[in-house]
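This briefing sets out the architecture of one protein chain for a reader who has the sequence and coordinates at hand. Please consult the display below while reading.

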Amino acid sequence: MRIQDIVVNHGRHRVFEGLSGSFSTGKWCLLGPNGAGKSTLMSAAAGFLPTKSGSFQIDNVTLSKHRSEYLKQVGWMPQEINTVGGLTVLEYIEYAGWLKGVSKPQLKPRALEVAEAVDLTKLLNRKSNKLSGGETKRLGLAAALIHNPSVLLLDEPTAGMDPIQRRNFFRVIETLPESTTVLVSTHEIHELDSNYTHLAVLSRGRFVFSGPIDLFLQAGQNGETNPVVLYEKALNQ
């Protein structure tokens with residue numbers, strides 16, 4: 001996914017003024033202080049927040065010119081999952097698939113597949129608004145995965161999950177095709193080297209680092225390898 005000179009406002013505040021960057025295939029961690037624009041970036045890349053100018057592109061498909069085709073390639077899990085009281089867990093996942101263009105014959109089999117992957121099989125008949133916080137997160141992940149997106153955007157996906165649920169979350173991410181670009185916004189810096197292949201650090205409306213985790217960890221001076229210390233130094237660039 002490529003980002004080209006995007007300009008984004010949040011109310012009267014301009015969050016990005018010509019932000020550019022690219023995310024290759026792999027598992028990306030998106031770090032940045034509160035207010036850096038991580039959620040804004042993901043929401044705009046998912047097509048839910050309009051940009052003043054600039055573009056998002058996946059292969060040769062741009063959001064501005066080929067919106068429908070672009071959105072079918074993107075899976076998005078926002079911080080807050082808006083459940084629908086009248087829908088069961090299974091119906092909610094199927095509805096998400098329908099919105100993304102999954103064909104009717106494939107809809108239920110695929111919904112059952114992703115429900116099993118995120119450990120929701122036993123809750124398929126429960127109303128979607130009767131889930132716990134961690135269960136709702138898993139529902140959001142299932143909805144983001146159902147159409148086999150080539151780009152997966154996950155905004156604070158493990159917030160509210162217990163350690164077992166977090167481990168299962170990363171297990172699901174590990175099973176995705178190598179051709180998938182996964183971008184995860186998080187504050188869990190200590191998980192960098194074990195769960196991700198790449199890192200992007202967003203600060204003051206720009207990327208102050210973007211590249212493989214190994215390069216980031218090797219960038220420390222005087223043998224410094226603590227990711228928290230390296231992250232703090234990156235923010236001060």
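The points that follow cover the sheets, the helices, unusual backbone angles, the salt bridges and a surface patch.

The model is predicted. One open sheet has 6 strands with mixed pairing, and another open sheet has 4 strands with antiparallel pairing. Helix α1 lies across strands of the six-stranded sheet and also packs on the four-stranded one.

**The six-stranded sheet**

- The strand order is β6-β7-β8-β3-β9-β10. Because β6 (74-77) and β10 (206-212) each have a single partner strand, one side of each is left without a neighbour in the sheet.
- Direction ignored, neighbouring strands of this sheet are turned by 15° against each other on average.
- Strand β3 (residues 26-31) runs parallel to β9 (residues 198-203), and 4 bridges join the two. Within this pairing, L30 has A200 as its bridge partner, while L31 is matched with V201.
- On its other pairing, β3 is joined to β8 in the parallel sense over 5 bridges. Here G26 stands opposite T181 of β8.
- Strand β3 is largely enclosed by the rest of the structure, because 6 of its 6 residues are buried. The cover extends to both faces: G26, W28 and L30 are buried on one side, and K27, C29 and L31 on the other.

**The four-stranded sheet**

- In this sheet the strands follow the order β2-β1-β4-β5. The edges are formed by β2 (13-22) and β5 (61-62); each has a single partner strand, so one side of each lacks a neighbour in the sheet.
- Strand β1 (residues 2-10) and β2 are antiparallel and are joined by 7 bridges. One of the matched pairs consists of R2 and its bridge partner S22 in β2.
- Helix α1 packs on this sheet, where it touches β1, β2 and β4 (53-58). The direction of α1 makes about 65° with that of β2.

**Helices α1 and α5**

- Helix α1 (residues 38-45) lies across β3, β6, β7 (151-155), β8 (181-185), β9 and β10, and runs at about 145° to β7.
- Helix α5 (residues 133-145) also packs on the six-stranded sheet. The strands touched by α5 are β6 and β7, and its direction makes about 170° with that of β6.
- Of the 8 residues in α1, 7 are buried, and the helix is mostly covered. The buried residues are K38, T40, L41, M42, S43, A44 and A45.
- G47, just after α1, takes a positive phi of about 85°.

**Positive phi outside glycine**

- Most residues other than glycine have a negative phi.
- D59, which is not a glycine, has a positive phi near 55°. This residue is placed in the loop between β4 and β5, and D59 counts as exposed at 63% relative accessibility.
- R204 likewise has a positive phi, about 50°, although it is not a glycine. R204 is found in the loop between β9 and β10, and its relative accessibility of 54% makes it exposed.

**Salt bridges**

- The whole structure contains 4 salt bridges. Three are described here, starting with the side chains of E17 and R14, which meet at 3.0 Å, N to O. E17 is exposed, with a relative accessible area of 56%, whereas R14 is partly exposed at 36%.
- The side chains of R110 and E113 form a salt bridge at 3.2 Å, N to O. Being 3 residues apart in helix α4 (residues 104-117), these two residues are separated by about one helical turn. R110 is buried, with a relative accessible area of 14%, and E113 is partly exposed at 45%.
- R138 and D119 are joined in a salt bridge at 3.9 Å, N to O. R138 belongs to helix α5 and D119 to the loop between α4 and α5, so the pair ties together parts that are 19 residues apart in sequence. R138 counts as buried at 12% relative accessibility, whereas D119 is partly exposed at 49%.

**Nonpolar surface patch**

- Y95, W98 and L99 make a nonpolar surface patch of about 380 Å².
- L99 lies in helix α3 (residues 89-99) and is exposed, with a relative accessible area of 53%.

Conventions. Residues numbered from 1 in each chain as written. Predicted model: local features only at pLDDT ≥ 70, side-chain atom pairs only at ≥ 80, totals over all residues. Heavy atoms only, no water. Pairing = 2+ DSSP bridges. Axes fitted to C-alpha atoms, helices over the stretch in contact; angles between N-to-C directions. Contact = heavy atoms within 4.5 Å. Patch = residues over 30% accessible without salt bridge, like charges linked within 9 Å, V, L, I, M, F, W, Y side chains within 5 Å. Areas by Shrake-Rupley, 256 points an atom, 1.4 Å probe, with all protein chains shown as cover. Buried < 20%, exposed > 50% of the residue type's maximum accessible area, 1.4 Å probe, protein only.
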